[in-house]
Amino acid sequence: MRAFLIAIAAVTALSACEATSPGTGGGVKIYKISAAKTSKIQYRMLDSVNSLRQAAGAAPVQLDSRLNAAAATHARDMSVQNRPWHFGSDGSSPIDRARRAGYSGVYLGETISETFETELQTLSAWMNKPDTRRIILDPRARNMGFSWLQERNGKIWWVLEMGG
């Protein structure tokens, strides 16, 4: 448990190191993501998730392009619907989207967020909720998909998918 708490503290501390740009006033900073940062952000999330999983005694996961595609599809769709929820505008479930993207493994779960926060701040928030922490630390997980959509106003729709 001590190692787990240290890992959460490390992820939270790292999230404070993210580059932001000035907001439109009131001291608010907006975390802007360029297309060139996609790989860097996905691997930073993967490393952070694996650190948390290691502290919890779970095996590491690897990025899966099919789950990344399912996550990207859902992030885009949540933005269009303007609501963070697990169902697509076409009525699809997370399992449906993973299958459509070609993922044939055991689908384990999805975590979502609508926020202006960085990926590591979002991971920290997910780890503070029992239902999303359970998905991230599921001992059966071997694959992870992670993607997002950032709107012009800076709002980010994050999606993390886990499979076994």
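## Around Leu46, its helix and the strands beyond

Setting aside residues up to four places away in sequence, Leu46 makes contact with Val61, Gln62, Leu63 and Met144. Keep in mind that this is a predicted model. So what about Leu46 itself: is it buried or exposed? Leu46 has a relative accessibility of 8%, and because buried means under 20%, Leu46 counts as buried. Take Leu63 from that list of contacts: its C-alpha atom is 7.1 Å from the one in Leu46, although 17 residues separate the two along the chain.

Now zoom out to the helix. Leu46 belongs to H2, which covers residues 38–55. How far apart are the end C-alpha atoms of H2? They are 26 Å apart, and that agrees with what you'd expect, because 18 residues at 1.5 Å a residue should span 26 Å. Leu46 has buried company in H2, including Ile41, Gln42, Met45, Val49 and Leu52. After H2 comes Gly57, with a positive phi near 85 degrees.

Two of the contacts of Leu46 lead us on to strands. Gln62 and Leu63 touch Leu46, and residues 62–63 make up strand E3. Met144 is another contact, and strand E5 takes in residues 143–150. E5 is mostly covered, with 7 of its 8 residues buried. Here is how E5 pairs up with two other strands:

| Strands | Sense | Bridges | Residues standing opposite |
|---|---|---|---|
| E3 (62–63) and E5 | parallel | 2 bridges | Gln62 and Asn143 |
| E5 and E6 (156–163) | antiparallel | 8 bridges | Trp148 and Trp158 |

E5 and E6 also form a hairpin, with 5 residues between them. In the turn sits Gly154, which has a positive phi of about 100 degrees.

Finally, let's look for empty space. You can find where it is left by rolling a probe the size of a water molecule over the atoms. The largest pocket holds about 170 Å³ of space. Its lining is made of 14 residues, and nearest the centre lie Ile112, Ser113, Trp126, Lys129 and Thr132. Which elements supply at least two residues each to this lining? They are strand E4 (107–115), helix H5 (119–127) and helix H6 (130–136). E4 gives the most, with 5 residues. Sort the lining by class and you get 4 nonpolar, 6 polar and 4 charged residues.

Technical notes
Residues are numbered from 1 along each chain as its sequence is written. This is a predicted model: local features need pLDDT of at least 70, side-chain atom pairs count only at pLDDT 80 or more; totals for chains, interfaces and linings use all residues. Side-chain values use heavy atoms; hydrogens and water are left out. On a 1 Å grid over the protein atoms alone, a cavity is a set of points where a 1.4 Å probe fits but cannot get out, and a pocket is an open set with protein on both sides within 12 Å along at least five of seven lines; lining residues have an atom within 4 Å of a point. Grid points are joined across faces, edges and corners, and a volume is the space filled by probe spheres set on the points. Helices (H or I, at least four residues) and strands (E, at least two) are DSSP runs, numbered from the N terminus. Ala, Val, Leu, Ile, Met, Phe, Trp, Tyr, Cys and Pro count as nonpolar, Asp, Glu, Lys and Arg as charged, and the others, Gly among them, as polar. Buried means under 20% relative accessible area, exposed over 50%, partly exposed in between (1.4 Å probe, protein chains only). Contact means heavy atoms within 4.5 Å. The expected span of a helix is 1.5 Å times one less than its number of residues. Two strands pair if DSSP finds at least two bridges between them.
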